[in-house]
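Grab a pencil and open the structure viewer. Below are a few exercises, each with a solution worked out step by step.

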Amino acid sequence: MEELNDLLQQRRAKVDACREAGVNPFANDFQVTHTSAQVHDLHAADDKQKLEGCELEYRVAGRIMARRDFGKAAFLQLQDGGGRVQIYVAKDQIGEEAFEQFRKLDIGDIIGICGTPFRTKTDELSLRAKELRLLTKSLLPLPEKWHGLTDVETRYRQRYLDLIVNPEVREVFRKRSRIVSLIREYMVASDFLEVETPMMQPMAGGATAKPFITHHNTLKMDLFLRIAPELYLKRLVVGGFDRVFEINRNFRNEGISIQHNPEFTMMEFYRAYATYHDLMDFTEQLICHVAEKVCGGLVIPYGGREVDLTPPWDRLTLKQAIIKYGKVAAEVLEDHQQLLNYAKSLGLEIVGSIGHGKLLAEIFDEVVEPNLWQPTFITEYPTEISPLSRKNDDNPDVVDRFELFIVGRELANAFSELNDPLDQKERFVRQLEEKAAGDEEAHEMDEDYIRALEYGLPPTAGEGIGIDRLVMLLTDSASIRDVILFPQLRPEVG
């Protein structure tokens, strides 16, 4: 820390020296005409001979990432948003005064140059500087002598440094942006209308999760950061928008892990006159479209293994999956006491009474989910754990719902929507009973949503896709914090 303070003082002294010499250390009057990537693209096919005597001038700006000095000349690596380009700086080209100012620059400083293209003896495309200006003086040195930032905590906490020194991180977030754009384009092309619904809601609905609470002073009421946009999107379907989607933030006051961040991005979409079977097909098509555009194919690497996204994807009921991966007889799943005994044999802690459906779900999480590496749709979830889903016509103990799993984690959740207002009210009442019994994630009673259903929600299917987890998959990222620019962290100590 003392060494860092000394460097900070030295660079502050250089700021003062710049000002005394009439040089603005934080200038904002340099006009950029090209990026480094554009320079490379324009001359990728030009050899040394073709560039000999080239008088084309390019004005580029960026951060000094490396330099090699040779007395009256130097080579710089200049980094901007498009990549890097080498700059040759010579005293006889920029003048003695400017060269003296240049010699005082540090790694990390941001400069602007005007130069002409040429190739070095090693055939590297470079720009020969004719003008060089300091644009921003860096007061703190880049980490680890600028050879890369490796401490994970520092990378997440100081993402700006991570982006400066780790080009592969910048590439992840460029891919993230492209993934979101491709999803949006696909949805619009599929005749879905993009909408925005409230982020602050009078009650937390649309999912079973613990919300964040805030307070509106003027209205004198508590509000909740939304845990899901579901109930508002379905109100829009009632209102006549047959296909709607939203890509936006949700907030859940839950644990932090490599798969969970309290603030995360999801896409939810609803399609009238469709079933959850239709959405399985649509989800396959959507994700395959994005994967081919971003990854160049449907067989992609993840965690040292391969994931094959080639349709059709496997489809299993929840019970079939438990039988397959838990190696348990089908009759055990139908008898509550036998199922309890099986759960205990797995080491699951069952406290108090537990419903049969919830018990099946906990067993599924333990024995099935980690094994679903290749894309797999799991269907027929228990009605007990699906308060907003439509009951199956042939078996009311399960709902018309699926979850999509890839690389052992849930990526999407969808169902045919419950549009019977009487059934929905009964399920909300049961959720209130569970909340009274201590379940903080149970659903509230939403009377206005019931009223909307009473006006008539057409047969509808809806789905939520975890954008962060999809980006993790398509960028081979191990943690959700690797694909969120500013993940939530504990306060910095010291």
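**Exercise 1.** Does N261 count as buried or exposed? Work out what surrounds this residue, too.

*Solution.* Keep in mind that you're looking at a predicted model.
- Start with the location: N261 sits in the loop that links β10 (243-251) to β11 (263-272).
- Next, check the accessibility. The cut-off for buried is under 20% relative accessible area, and N261 comes in at 6%, so N261 is buried.
- Now follow the side chain of N261. It reaches the backbone oxygen of E263 at 2.7 Å and the backbone nitrogen of Q488 at 3.1 Å.
- Finally, look beyond four places in sequence: there N261 touches I480, I484, P487 and Q488.

**Exercise 2.** Find the largest nonpolar core and say which residues have the most contacts inside it.

*Solution.*
- The largest core has 49 residues, and I183 and M267 are the ones with the most contacts inside it.
- Which helix gives the most to this core? That's α10 (residues 276-295), with 10 residues.
- Zoom in on I183. Setting aside neighbours within four places in sequence, its contacts are I247, M267, L286, V290, I467 and L470.
- Another core, of 30 residues, lies apart from this one; V60, M65, L105 and V165 are among its members.
- As background, nonpolar side chains in soluble globular proteins tend to be buried together.

**Exercise 3.** Trace how β16 pairs with β15 and with β17.

*Solution.*
- Begin with β16 itself (residues 398-406): 9 of its 9 residues are buried.
- On to β15 (residues 376-382), which pairs with β16 in the antiparallel sense over 6 bridges. To pin down the register, note that I378 has E403 in β16 as its bridge partner.
- Then take β17 (residues 409-416), which also runs antiparallel to β16, over 6 bridges. Here R401 is bridged to F415 in β17.
- Last comes the turn. The hairpin of β16 and β17 has 2 residues between the strands, and V407 takes a positive phi near 50°.

**Exercise 4.** How many disulfides are there, and why is C54 not bonded to C114?

*Solution.*
- A disulfide needs two cysteine sulfur atoms within 2.5 Å.
- Try C54: its closest cysteine sulfur is in C114, but that is 12 Å away, so the pair is too far apart for a bond.
- Try C288: the nearest cysteine sulfur belongs to C295, 11 Å away, and C288 is in no disulfide. C288 is also buried, because its relative accessible area is 6%.
- The final count is 0 disulfides.

Conventions:
Residues numbered from 1 in each chain as written. Predicted model: local features only at pLDDT ≥ 70, side-chain atom pairs only at ≥ 80, totals over all residues. Heavy atoms only, no water. Core = buried A, V, L, I, M, F, W, Y, C linked by side-chain atoms within 4.5 Å. Buried < 20%, exposed > 50% of the residue type's maximum accessible area, 1.4 Å probe, protein only. Helix = DSSP H or I, 4+ residues; strand = E, 2+ residues; numbered from the N terminus. Contact = heavy atoms within 4.5 Å. Pairing = 2+ DSSP bridges. Polar contact = N/O pair within 3.5 Å; in protein donor to acceptor, adjacent residues only side chain to side chain.
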